[in-house]
Amino acid sequence: MNRIREIREAAGIRQAALYRKLKWGQSRIANYESGERTPSLSDARLIVAALNDLGADCDLARVFPEPRQSAA
C-alpha cells in the first residue's frame, strides 16, 4: 500500500497537477493511488520528487512505507 493520495491531498495538490508534472496519463496515477498497480522503484522516486516539487514534504519511506508484518 502507498500513501500517494493521502500525502497529495494533505499538501493541497490536485491529481492533475501531479500527472502533468510527471508527464504521465491520469489513469497511471489513479492506478498507483488505488493500489491497482505498483510503481517500480524508479517511478516511485519520480513520484516523491514530483510531490516535493509541488509543495509536499515527503520522502520515499513516507510515501511507500514497508508493509507491516502480521504476528503469527
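Two residues are in contact when heavy atoms of theirs lie within 4.5 Å. The exercises below apply this idea, among others, to a predicted model of a single chain.

**Exercise 1. Describe the overall build of the chain, starting from its helices and strands and ending with its contacts.**

Step one is to list the elements: the chain holds five helices and zero strands, and reading along the sequence gives the pattern α-α-α-α-α. Step two is to set its extent against a rule: the radius of gyration is 12 Å, close to the 11 Å that the globule rule gives for 72 residues, so the chain is as compact as a globular protein of that length. A box drawn along the principal axes around the C-alpha atoms would have sides of roughly 45 × 25 × 20 Å. Step three turns to the contacts between residues at least 6 apart in sequence, of which 51% join residues at least 24 apart.

**Exercise 2. Work out how much of the chain is buried, and describe its surface and its charges.**

A residue counts as buried when its relative accessible area is under 20%, and 36% of the 72 residues meet that description. The accessible surface of the chain comes to about 4,900 Å², and carbon and sulfur atoms account for 46% of that area. As for charges, there are 12 positive and 9 negative side chains, and the centres of these two sets are 5 Å apart.

**Exercise 3. Find which residues of helix α2 are buried, and explain how they are arranged around the helix.**

Begin with the helix itself, which runs over residues 15-22 and has Q15, A16, L18, Y19 and L22 as buried residues. Looking down the axis of α2, one finds these buried residues within an arc of 160°, so they line one face of the helix. The next step is to ask what covers them, and the cover includes α1 (4-10), α3 (26-34) and α4 (41-53).

**Exercise 4. Determine what is notable about the phi of K23, and whether K23 is buried or exposed.**

K23 comes after α2 and has its place in the loop between α2 and α3. Most residues other than glycine have a negative phi. The phi of K23, however, is near 60°, which is a positive value in a residue other than glycine. For the second part, the cut-off for exposed is over 50% relative accessible area; K23 counts as exposed because its relative accessibility is 75%.

**Exercise 5. Place W24 in the chain and identify the residues that it touches.**

W24 lies in the loop between α2 and α3, and because its relative accessibility is 13%, W24 counts as buried. Not counting residues up to four places away in sequence, W24 touches Y19, I29, Y32, D43, L46 and I47. Among these partners, Y19 is one of the buried residues of α2, while I29 and Y32 are among the buried residues of α3.

**Exercise 6. Describe helix α3 through its buried residues, its packing and its residue R28.**

The buried residues of α3 are I29, N31, Y32 and E33, and they pack against α1, α2 and α4. R28 also lies in α3, but its relative accessible area is 23%, so R28 is partly exposed. Leaving aside neighbours within four places in sequence, R28 is in contact with R37 and D43. The helix is followed by G35, whose phi is positive, near 85°.

**Exercise 7. For A11 and P65, say where each lies and which residues each one contacts.**

Take A11 to start: it lies in the loop between α1 and α2, and with a relative accessibility of 33% A11 counts as partly exposed. Neighbours within four places in sequence aside, A11 is in contact with G55 and A56. A11 and L51, which are 40 residues apart in sequence, have their C-alpha atoms 8.6 Å apart in space.

Then take P65, which is found in the segment after α5 (60-63) and is partly exposed, with a relative accessible area of 33%. P65 touches M1 and R3, again not counting residues up to four places away in sequence. From P65 to S27 there are 38 residues in sequence and 22 Å in space, C-alpha to C-alpha.

Key: Residues are numbered from 1 along each chain as its sequence is written. This is a predicted model: local features need pLDDT of at least 70, side-chain atom pairs count only at pLDDT 80 or more; totals for chains, interfaces and linings use all residues. Side-chain values use heavy atoms; hydrogens and water are left out. Buried means under 20% relative accessible area, exposed over 50%, partly exposed in between (1.4 Å probe, protein chains only). Helices (H or I, at least four residues) and strands (E, at least two) are DSSP runs, numbered from the N terminus. The arc is that of the directions from the helix axis to the C-beta atoms. The radius of gyration is taken over C-alpha atoms; the globule rule is 2.2 Å times the number of residues to the power 0.38. Accessible areas come from the Shrake-Rupley method with a 1.4 Å probe; for residues, only the protein chains shown count as cover. Lys and Arg count as positive and Asp and Glu as negative; His and the chain ends are not counted. The place of a charge is taken as NZ of Lys, CZ of Arg, CG of Asp or CD of Glu.
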